[in-house]
Amino acid sequence: MTRYLLDTNIISNVIKQEPSDALIAWMTERHDEDLCIASLTLAAIRRGILEKPVGRKRDMLEAWFSGSEGPQALFVGRILNFDAEAALVWARLMAEGRAAGRPRSGLDMIIAAIAEANDCVVATDNERDFVGLRFVNPMRG
């Protein structure tokens, strides 16, 4: 069974008031245990919430983030870290991008490296930055 590392943009879409129908259908067809997130995604989501102005929207996001439907609860045991193995993969991916004349985003390559180190496919709608890597765009339907 294939495991997927959900990019931050996937989580952001899922929690929208009107998420992508194609994404919801794709996720419904997967087993929960095959869907993971990176610790970097957890950090990016938290940062996004903290940078919002104080108010109703931020309060709603705070409640979601820390509640039973938040990423820490939903992905318990499936939050993958940037460890030594992923660090070595990241270095290779960054060097390959530069050698090919296509410098890569360091943050996107952290996601890619964590995915590769954990034998996952990246699920993202950011196809441009993951060209040549193992990824799927679940919002293509």
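Which helix does Ile110 lie in? Ile110 belongs to helix α7, residues 106-117, and it returns in the last of the views below.

This is a predicted model, in which local features need pLDDT of at least 70 and side-chain atom pairs count only at pLDDT 80 or more, while totals for chains, interfaces and linings use all residues. Residues are numbered from 1 along each chain as its sequence is written, and side-chain values use heavy atoms, with hydrogens and water left out.

**View 1. An open sheet of 5 strands with parallel pairing.** The strand order is β3-β2-β1-β4-β5. At the edges sit β3 (79-80) and β5 (135-136), each pairing on one side only. Helices (H or I, at least four residues) and strands (E, at least two) are DSSP runs, numbered from the N terminus. Two strands pair if DSSP finds at least two bridges between them.

**View 2. Strand β1 and its partners β4 and β2.** On one side, β1 (residues 3-6) runs parallel to β4 (residues 120-123), and 4 bridges join the two. Look for Tyr4, whose bridge partner in β4 is Val121, and then for Leu5, whose partner in β4 is Val122. Strand β2 also runs parallel to β1, with 3 bridges between them. Here Leu5 appears again, with Cys36 as its bridge partner in β2. A general point to keep in mind while looking: in a regular strand the side chains alternate between the two faces of the sheet.

**View 3. Helices α2 and α3 lying across the strands.** Helix α2 (residues 21-28) lies across β1, β2 (35-38), β4 and β5, and runs at about 145° to β1. Helix α3 (residues 39-51) lies across β1, β2 and β3, at about 65° to β2. Axes are lines fitted to C-alpha atoms, for helices over the stretch in contact, and angles run from 0 to 180 degrees between N-to-C directions. Contact, here and below, means heavy atoms within 4.5 Å.

**View 4. Arg78, a buried residue with no salt bridge.** Find Arg78 in the loop between α5 (71-74) and β3. Buried means under 20% relative accessible area, exposed over 50%, and partly exposed in between (1.4 Å probe, protein chains only). A salt bridge is a side-chain nitrogen of Lys or Arg within 4 Å of a carboxyl oxygen of Asp or Glu. For Arg78, the nearest side chain of opposite charge is Asp32, 5.3 Å away; Lys and Arg count as positive and Asp and Glu as negative, while His and the chain ends are not counted. A polar atom of the Arg78 side chain lies 2.4 Å from the backbone oxygen of Leu74. Neighbours within four places in sequence aside, Arg78 is in contact with Asp32, Glu33, Leu35, Cys36 and Ile37.

**View 5. Three of the salt bridges, from a structure that holds 9.** Side chains of opposite charge can pair when their charged atoms come close. The side chains of Arg46 and Glu62 meet at 2.8 Å, N to O. This pair links distant parts of the chain, with Arg46 in helix α3 and Glu62 in helix α4 (residues 56-66), 16 residues apart. Arg46 counts as partly exposed because its relative accessibility is 28%, and Glu62 is partly exposed at 23%.

Arg47 pairs with Glu51, the closest N and O atoms being 2.8 Å apart. Both lie in helix α3, 4 residues or about one turn of the helix apart, and both are exposed.

Glu127 forms a salt bridge with Arg140, with 2.7 Å between the closest N and O atoms. Glu127 is in the loop between β4 and β5 and Arg140 in the segment after β5, so this pair, 13 residues apart, also links distant parts of the chain. Glu127 is partly exposed at 21% relative accessible area, whereas Arg140 is exposed at 64%. Shared partners also join Arg46, Arg58 and Glu62 into one salt-bridge network.**View 6. Asp7, buried without a salt bridge, and Ile110, buried in its own right.** Asp7 is found in the loop between β1 and α1 (8-14). Its nearest side chain of opposite charge, Arg128, is 11 Å away. Not counting residues up to four places away in sequence, Asp7 touches Thr41, Ile111, Ala123, Thr124, Asn126 and Phe130. Ile110 counts as buried because its relative accessible area is 17%. Ile110 and Asp7 are 103 residues apart in sequence and 11 Å apart in space, C-alpha to C-alpha. Leaving aside neighbours within four places in sequence, Ile110 is in contact with Leu40, Phe82 and Trp90.

Definitions and conventions:
A polar contact is a pair of N or O atoms within 3.5 Å; within protein, one must be able to donate a hydrogen and the other to accept it, and residues adjacent in sequence count only if both atoms are side-chain atoms.
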